[in-house]
Amino acid sequence: MSGSALRPVYHYCCKHAAQRITRAGFLRPSGFNGYDVLWVTDQAIPDRMGLGLTSGMLKCDRLEFQYIAHVLPDVVTPWLDSPIRRELAQSIDYGARGFLREFEHGHAPSTWLIATRPIFATRNEQYRPPGDLHPGRIPFQPIDL
Ligand SMILES: [Zn+2]
């Protein structure tokens with residue numbers, strides 16, 4: 001296997017998803033509008049707003065954990081070029097098209113990649129999530145020992 005052919009991609013998730021991923025040992029596509037989609041990105045340092053991984057009223061921080069996978073280029077597809085997106089965009093269902101617009105709006109969808117099959121990944125233990133999820137939450141402070 002030629003290492004140079006592999007590209008790193010990153011998957012971000014909350015602790016609940018992280019437990020499932022660590023137990024399984026790999027990333028698994030899950031349901032998205034009737035499709036099975038695994039969301040990854042090439043952003044090693046995530047942008048909370050840009051990735052659309054804000055948590056709203058949820059208690060979960062969807063940027064709490066980072067998994068890294070090294071994949072062959074054809075394992076992932078840019079979301080904007082993907083057949084799934086094309087089907088949603090061309091759907092006769094007005095709701096599906098409206099969903100797509102809101103889903104992408106303001107979230108830099110050009111940085112999203114998808115896989116439709118499971119991929120191996122390891123948790124990055126050095127990773128710390130960026131910024132404040134909730135007002136008043138104490139931000140992570142690295143300590144020099
Ligand atoms: Zn969760």
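Among contacts in the protein between residues at least 6 apart in sequence, what percentage join residues at least 24 apart? The figure is 82%. The legends below describe close-up views of this predicted model.

**View 1. The whole chain, with its order of elements.** The protein has 3 helices and 9 strands. Read from the N terminus, these elements follow the order β-α-β-β-β-β-β-α-α-β-β-β. Of the 145 residues, 20% count as buried. The mean pLDDT is 85, and 81% of the residues reach 70 or more. Residues 134-139 have a pLDDT below 50, and this stretch makes 2 contacts in the model beyond near neighbours in sequence. Confidence is highest in strand 6, at 97, and lowest in helix 3, at a mean of 89.

**View 2. Helix 1 and the glycine after it.** Helix 1 covers residues 15-24. It lies largely in the open, because the number of its 10 residues that are buried is 0. G25 follows helix 1 and has a positive phi, near 90 degrees.

**View 3. The hairpin of strand 3 and strand 4.** Strand 3 and strand 4 form a hairpin, with 2 residues between them. The two strands run antiparallel and are joined by 3 bridges. Within this pairing, S30 stands opposite V37 in strand 4. The loop between strand 3 (30-32) and strand 4 holds N33. Although N33 is not a glycine, its phi is positive, about 55 degrees. Most residues other than glycine have a negative phi. N33 counts as partly exposed because it has 13 C-beta neighbours inside 10 Å.

**View 4. Strand 7 and its two partners.** Strand 7 spans residues 112-115, and W112, L113, I114 and A115 are all buried. W112 and I114 point one way from the strand, while L113 and A115 point the other way. Strand 4 (residues 35-41) pairs with strand 7 in the antiparallel sense, over 4 bridges. In this pairing, A115 is the bridge partner of L38, and L113 is the bridge partner of V40. Strand 6 (residues 77-78) also pairs with strand 7 in the antiparallel sense, here over 2 bridges. P78 stands opposite L113. L113 is thus named in both pairings, with V40 as its partner in one and P78 in the other.

**View 5. The largest nonpolar core, with L38 among its residues.** The largest nonpolar core has 19 residues. Those with the most contacts inside it are L38, V40, A69 and I114. At least two residues of this core come from each of strand 1 (7-13), strand 4, strand 5 (65-71) and strand 7. Leaving out residues up to four places away in sequence, L38 touches L27, R28, P29, I114, A115 and I119. Two of these names recur from the view of strand 7, where I114 and A115 point opposite ways. A115 is also the bridge partner of L38, and I114 is listed with L38 among the residues with the most contacts inside the core.

**View 6. L100 in helix 3.** Helix 3 covers residues 94-104 and includes L100. Which residues does L100 contact, leaving aside its neighbours within four places in sequence? They are L88 and A89. L88 is 12 residues from L100 along the chain, and the C-alpha atoms of the two are separated by 6.9 Å. L100 counts as partly exposed, because 17 C-beta neighbours lie inside 10 Å, whereas a buried residue needs 20 or more.

**View 7. A108, between helix 3 and strand 7.** The loop that runs between helix 3 and strand 7 contains A108. Phi of A108 is positive, near 45 degrees, in a residue other than glycine. A108 has 14 C-beta neighbours inside 10 Å, so it counts as partly exposed.

Terms used:
Residues numbered from 1 in each chain as written. Predicted model: local features only at pLDDT ≥ 70, side-chain atom pairs only at ≥ 80, totals over all residues. Buried ≥ 20, exposed ≤ 12 C-beta atoms within 10 Å, placed from the backbone. Contact = placed C-beta atoms within 7 Å. Pairing = 2+ DSSP bridges. pLDDT = per-residue confidence, 0-100. Core = buried A, V, L, I, M, F, W, Y, C linked by C-beta atoms within 7 Å.
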